[in-house]
Amino acid sequence: MYTNVNLAAPVGVLAFLGTGLLILVAALTLVGSLVARKFRFAKFVLIAMLVITGIYAGAMLAFSLAGREKVLARGAEKHFCEIDCHLAYSITNVRQTKTLGTSADQSTVYTIVTLKTRFDETTIAPWRGNGLLYPNSRVLTLVDERGSQHAPTALPALEATPASSTPLTAPLRPGEAYTTEIVFDLPADVRSATLLLNEGDFVTHFIIGHENSFLHGKTRFQLGALSL
């Protein structure tokens, strides 16, 4: 299974919250010690804060270096751990056109990626029930063979995104799935690209084992050869 973490998400989140709580308590203690002019104790608390921060940063770096870059073939799933369950994403189709709605530009090509979102019911605990899951924010970045990055286009996509296309933020129940069509505006000479789908919450950059953390390898989707 390909996931966006290489440490169980509940463990990573608990480590982040626990470390944050320790640092907060230590910071308050440090302030209190300085106010009371207990400088020797304040020095001890400061050293403890630095040690805690260093241990956490070291663990985060170790898991980041262990996370390798991966490129998934068409149809392969990337799982996003939502603490108590997984959402699985895969690319089901890629097509290109030079005309999108009323927009037409010979220097660009509109690349439409069909992304499938599936609530993997095998990854939940029996007591979770059939409640809705609201996906966390997602960021999509298409990277071409030259390393240039492209965000989804904001142009109207009436012809490229039919009514059957569902927003990535739509909630699901266990076992449900839907597809979303995302449009990218690429230079006409782009011949290959990969798609990076990752979480948009800034705090994930500080979670041990999360692919958004510093130096962590990313899991991308291969779009294949691009040509009209």
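A residue counts as buried when its relative accessible area is under 20%. In this predicted model, Thr 117 comes in at 0%, so Thr 117 is buried. Thr 117 sits in strand 7, which spans residues 108-120. Leaving aside residues up to four places away in sequence, the neighbours that Thr 117 touches are Ala 88, Tyr 89, Leu 168, Leu 172, Glu 176, Ala 177 and Tyr 178.

One of those neighbours, Leu 168, also gives a handy reference point for Glu 181. The C-alpha atoms of Glu 181 and Leu 168 are 9.4 Å apart, with the two positions 13 residues apart in sequence numbering. Glu 181 belongs to strand 10, residues 177-187. With a relative accessibility of 18%, Glu 181 falls under the 20% cut-off and therefore counts as buried.

Next come the salt bridges. Searching the whole structure turns up eight of them. In one, Lys 78 pairs with Glu 211, and the closest N and O atoms are 2.6 Å apart. This pair links distant parts of the chain, 133 residues apart: Lys 78 is in strand 3 (residues 78-81), while Glu 211 is in the loop between strand 11 (192-199) and strand 12. Both ends are out of the way of solvent probes by the numbers: Lys 78 is buried at 0% relative accessibility, and Glu 211 is likewise buried, with a relative accessible area of 0%.

Strand 12 turns up again in another long-range pair. Glu 69 forms a salt bridge with Arg 220, with 3.5 Å between the closest N and O atoms. Glu 69 is in the loop between helix 2 and strand 2 (70-72) and Arg 220 is in strand 12 (residues 219-225), so this bridge ties together parts of the chain that are 151 residues apart in sequence.

A further salt bridge joins the side chains of Arg 118 and Asp 120, at 3.7 Å from N to O. Asp 120 has 6% relative accessibility and so counts as buried. Through salt bridges with shared partners, Glu 77, Arg 118 and Asp 120 end up in one network.

That leaves the helices. Two packed helices are described by the angle between their axes and the distance between the axes. For helix 1 (residues 9-35) and helix 2 (residues 39-66), the axes come within 9 Å and cross at roughly 165°. Angles over 145 degrees count as roughly antiparallel, and helix 1 and helix 2 are therefore roughly antiparallel to each other. As for handedness, helix 1 passes helix 2 in a left-handed crossing. On the helix 1 side, the contact is made by Ala 15, Phe 16, Thr 19, Leu 22, Ile 23, Ala 26, Ala 27, Thr 29, Leu 30, Ser 33 and Leu 34. Helix 2 brings Phe 39, Phe 41, Ala 42, Val 45, Leu 46, Met 49, Ile 52, Thr 53 and Tyr 56. Sorted by class, the contact has 16 nonpolar residues, four polar ones and no charged ones.

Leu 24 is also part of helix 1. Its relative accessible area is 48%, so Leu 24 is partly exposed. Leu 24 and Met 49 are 25 residues apart along the chain, and their C-alpha atoms are separated by 9.2 Å. Met 49 is among the helix 2 residues that make the contact with helix 1.

Key
Residues are numbered from 1 along each chain as its sequence is written. This is a predicted model: local features need pLDDT of at least 70, side-chain atom pairs count only at pLDDT 80 or more; totals for chains, interfaces and linings use all residues. Side-chain values use heavy atoms; hydrogens and water are left out. Axes are lines fitted to C-alpha atoms, for helices over the stretch in contact, and angles run from 0 to 180 degrees between N-to-C directions. Helices (H or I, at least four residues) and strands (E, at least two) are DSSP runs, numbered from the N terminus. Angles under 35 degrees count as roughly parallel, over 145 as roughly antiparallel, 65 to 115 as roughly perpendicular and the rest as oblique. A crossing is left-handed if the near helix is turned anticlockwise from the far one by less than a right angle, and right-handed if clockwise. Contact means heavy atoms within 4.5 Å. Ala, Val, Leu, Ile, Met, Phe, Trp, Tyr, Cys and Pro count as nonpolar, Asp, Glu, Lys and Arg as charged, and the others, Gly among them, as polar. A salt bridge is a side-chain nitrogen of Lys or Arg within 4 Å of a carboxyl oxygen of Asp or Glu. Buried means under 20% relative accessible area, exposed over 50%, partly exposed in between (1.4 Å probe, protein chains only).
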